[in-house]
Number of protein chains: 2
Amino acid sequence: MEKTGVAIVGMGTVGAGVARLLLDHGDRTARHAGRTLWLTHAVVRDLEKARDVELPEGVLTDDLQRVIDDPEVSVVVQLIGGIEPAKSIMLQLLESGKDVVTANKALLAQHGPELFDRARELGRSIAFEASVAGGIPIIANISQCLSANQIESLQGILNGTCNFIVSKMDAEGADYSVTVAEAQQLGYAEADPTMDVDGTDAAQKLAILAHLAFGARVDWSQIPRRGIDGLQAVDFKYAKHLGYRIKLIALARLTESGLALDVSPMLVKIGQPLAEVRANYNAVGVVGDAVGPVFFQGQGAGQMPTASAVVADLIDTAVGRTSITFETLELWAKGHERVGLADVGSLVSRYYLRFNVQDVPSVLSKISGALGRNGISIASVYQHDVDLSKEGIVPVVIVTKNTSQSAVDTALEELKSVDAIDAVAETFKILD
Amino acid sequence: MEKTGVAIVGMGTVGAGVARLLLDHGDRTARHAGRTLWLTHAVVRDLEKARDVELPEGVLTDDLQRVIDDPEVSVVVQLIGGIEPAKSIMLQLLESGKDVVTANKALLAQHGPELFDRARELGRSIAFEASVAGGIPIIANISQCLSANQIESLQGILNGTCNFIVSKMDAEGADYSVTVAEAQQLGYAEADPTMDVDGTDAAQKLAILAHLAFGARVDWSQIPRRGIDGLQAVDFKYAKHLGYRIKLIALARLTESGLALDVSPMLVKIGQPLAEVRANYNAVGVVGDAVGPVFFQGQGAGQMPTASAVVADLIDTAVGRTSITFETLELWAKGHERVGLADVGSLVSRYYLRFNVQDVPSVLSKISGALGRNGISIASVYQHDVDLSKEGIVPVVIVTKNTSQSAVDTALEELKSVDAIDAVAETFKILD
């Protein structure tokens with residue numbers, strides 16, 4: 001049987017998982033690839049560090065040059081996080097004639113155009129299924145399986161840490177800080193979870209999906225984003241009462257003025273697939289003009305789910321499918337931007353607005369006045385449990401009909417000066 | 001731009017949808033294929049029949065030979081149902097050097113080995129994404145995206161008509177016959193829905209998926225199957241009370257004794273993704289040893305969802321991805337059977353058993369005795385609303401712990417002779 005030489009650069013958790021699949025299940029990969037995927041080098045920084053997998057004699061090395069110089073290695077799995085040295089190493093590998101498989105979303109979200117252009121010039125490919133939503137094959141599904149469609153919208157739960165936290169807050173009525181601590185203890189959140197809980201991770205993934213699905217060239221840092229830090233237990237309770245759960249949603253929607261992107265906690269109707277995504281699972285809902293709504297759910301991270309995506313890419317690269325896809329799709333190629341970004345203010349949805357007020361009757365008329373002046377219709381008003389009020393402050397929740405974010409922003413700005421409104425406590429988009 | 005000539009044989013609803021995607025959205029397919037997919041012939045039996053799409057001059061024909069003789073046609077979308085003449089036409093197309101894209105699950109479930117062998121001999125390919133679960137790209141996901149995994153089990157809602165009916169019975173407490181009539185009126189069920197409601201359609205699709213996912217060569221007619229005809233409203237009510245919905249599930253599970261296959265109505269825990277699949281949607285849950293559980297949901301039938309799958313296959317075939325996959329996977333090739341079929345009696349699950357009894361206390365001891373003799377433990381006993389009893393007959397529902405189907409069958413056989421048991425009214429597997 002033909003052999004394809006494979007190297008892994010970066011032997012962290014995922015790297016060890018990839019090595020395990022190649023070493024322990026070679027028959028399986030050979031069956032799907034029609035050839036043996038032969039692990040020749042595993043490049044690490046520290047040769048002494050204990051690892052989660054036993055490698056054959058001579059495979060472990062701290063010398064990247066061995067990979068570069070080995071003509072038998074045609075595909076390299078690059079599993080180094082962050083921007084540098086990951087970027088330089090990837091360019092070096094491409095230039096030495098290797099195809100690359102990566103899981104580094106931050107690198108692609110930031111330097112995709114440059115890296116993909118260089119790979120094209122060199123006749124090489126970059127596969128990146130594992131960079132978004134781990135075990136869910138969303139990259140292949142969007143770029144191949146749904147290719148007959150104009151994708152109209154995409155809604156994702158792309159960060160498992162956040163979903164673990166909001167699911168627990170929803171189920172247990174727990175506070176944010178308590179839940180984060182629990183997630184950290186269970187290994188579902190990093191010691192410093194900032195990049196997860198502030199929406200950065202989800203925005204980087206959304207930038208990649210938005211490029212694939214809509215042909216938009218997006219700087220992830222330009223995507224409006226709001227994280228789950230600061231969410232309050234009380235809103236989960238009110239949302240549930242109204243028939244919703246709160247989820248951190250990465251949203252891309254084609255509008256008349258372009259592609260609207262947003263990462264923020266939103267209300268999702270209970271019973272809708274996205275609302276029922278529990279624990280640390282990821283999920284992506286895609287609406288295509290031909291296929292209608294399609295929904296994918298799975299583990300978005302973790303050693304073996306991510307390794308599953310990496311090895312699928314390895315097989316695709318070894319058999320030649322990746323290079324075909326890479327060539328036809330012209331990913332991140334100059335001049336292939338098909339849609340511009342819309343102002344997120346133009347994104348239309350219903351809204352959940354919670355006000356903390358001191359005097360309900362007089363305030364309601366002021367709120368409805370300000371909303372009305374901005375063309376916002378009220379669908380329902382909900383005044384919750386008076387026992388939650390303290391020192392005369394009562395929460396009032398208003399659900400609006402469809403309106404734009406900019407109309408909501410203007411109305412809330414007007415209401416800031418109303419004395420009897422203690423605070424505009426919370427606003428969420430409602431995902432329909 | 002390069003052109004690939006495409007013909008459609010069979011211009012029913014789906015054929016018209018495919019033509020529409022090719023004609024109205026040529027830019028889109030060209031972008032994903034890197035070449036123009038150019039519709040040259042649409043072969044029909046009756047030239048006079050009104051169609052859902054306007055074709056360019058000269059495309060419509062009733063002469064298949066024009067396709068066969070046209071060297072510019074390299075891919076043919078064959079959308080004729082049933083076994084013959086579909087099979088002969090497919091062989092003729094392959095022999096004339098055309099790659100084939102099809103949606104005909106019955107043909108593949110019955111004659112897959114012969115057709116795929118012939119295609120291989122001729123160096124041609126058959127793509128069949130649209131044959132199972134319509135718009136859900138389950139074929140590509142199993143055969144490519146999850147290729148790093150040993151798939152351990154697969155649970156599908158593969159028939160939209162059945163899911164429409166059971167979802168409505170669950171939501172509205174309606175009777176089976178009333179609901180079928182409603183489904184027919186709304187176009188969700190055929191005038192003669194037998195093949196859908198008796199599980200035939202789901203079994204044919206399961207045979208195809210079982211081959212792809214497990215390498216089993218399955219004669220679909222050997223798959224144990226039970227349809228949804230005869231389901232009673234009362235069981236939906238009891239199931240819901242216990243926290244479950246009833247769904248027609250196509251199940252494949254790797255066991256120690258081989259691959260167990262089953263198509264039958266089962267209880268699925270409310271909140272589990274499969275339980276929340278509504279209306280005429282299809283869904284497939286797959287568990288892989290690396291990726292863990294992955295879940296896919298979408299429209300399983302209908303003009304444009306099915307056309308979406310067909311055109312994705314067309315693009316894959318035109319760019320060369322299909323031929324790579326077809327070659328490496330050796331689908332239905334002789335000697336590539338990787339697993340034998342297990343006796344469905346060995347399939348282990350919990351069970352829902354409803355007995356109609358005349359005298360609860362005395363009967364319960366007999367039931368628990370018979371179950372106990374067959375090694376079946378009772379998890380809970382539920383005696384429902386006495387107002388449902390008529391003429392002294394009371395329904396008793398028993399939920400068992402894990403047991404095998406054969407143990408359940410033996411125990412129920414023993415209980416047939418107990419006078420005070422009016423009937424073993426219903427048994428369902430519980431899907432965990």
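These questions and answers cover the contact between chain A and chain B in a predicted model.

Local features need pLDDT of at least 70 and side-chain atom pairs pLDDT 80 or more, while totals for chains, interfaces and linings use all residues. Residues are numbered from 1 along each chain as its sequence is written, chains are lettered from A in the order in which they are written, and side-chain values use heavy atoms, without hydrogens and water.

User: How many residues does each chain bring to the contact?
Analyst: Contact means heavy atoms within 4.5 Å. Chain A and chain B are both counted this way. The numbers are 49 residues from chain B and 49 residues from chain A.

User: How much area do chain B and chain A bury between them?
Analyst: Buried area is the accessible area (1.4 Å probe) that two parts lose on being put together, summed over both. Carbon and sulfur atoms hold 55% of it. Arg31(B), His32(B) and Arg321(B) supply 14% of what chain B buries against chain A, more than any other three residues. The total is about 4100 Å².

User: Which residue of chain B forms a salt bridge with Arg28(A)?
Analyst: A salt bridge is a side-chain nitrogen of Lys or Arg within 4 Å of a carboxyl oxygen of Asp or Glu. Two salt bridges are counted between chain B and chain A. In the one with Arg28(A), the closest N and O atoms are 2.7 Å apart. The partner is Asp289(B).

User: Which element gives the most to the side of chain B that touches chain A?
Analyst: Helices (H or I, at least four residues) and strands (E, at least two) are DSSP runs, numbered from the N terminus. Elements of chain B that each supply at least two residues include α2 (26–33), β11 (292–299) and α12 (303–319). With eight residues, the top contributor is α12(B).

User: What is the bridge partner of Phe296(A) in β11(B)?
Analyst: Two strands pair if DSSP finds at least two bridges between them. Three bridges join β11 (residues 292–299) of chain A to β11(B), and the strands run antiparallel. The partner of Phe296(A) is Phe296(B).

User: What relation links chain B to chain A?
Analyst: Copies are superposed by least squares on C-alpha atoms of residues with pLDDT of at least 70 in both. Chain B lies on chain A with an RMSD of 0.0 Å after a turn of 180° and a shift of 0.0 Å along the axis. That is the relation of a two-fold axis.

User: Which residue of chain B comes closest to the rotation axis?
Analyst: The distance is taken at the C-alpha. At 2.4 Å, the residue is Phe296(B).
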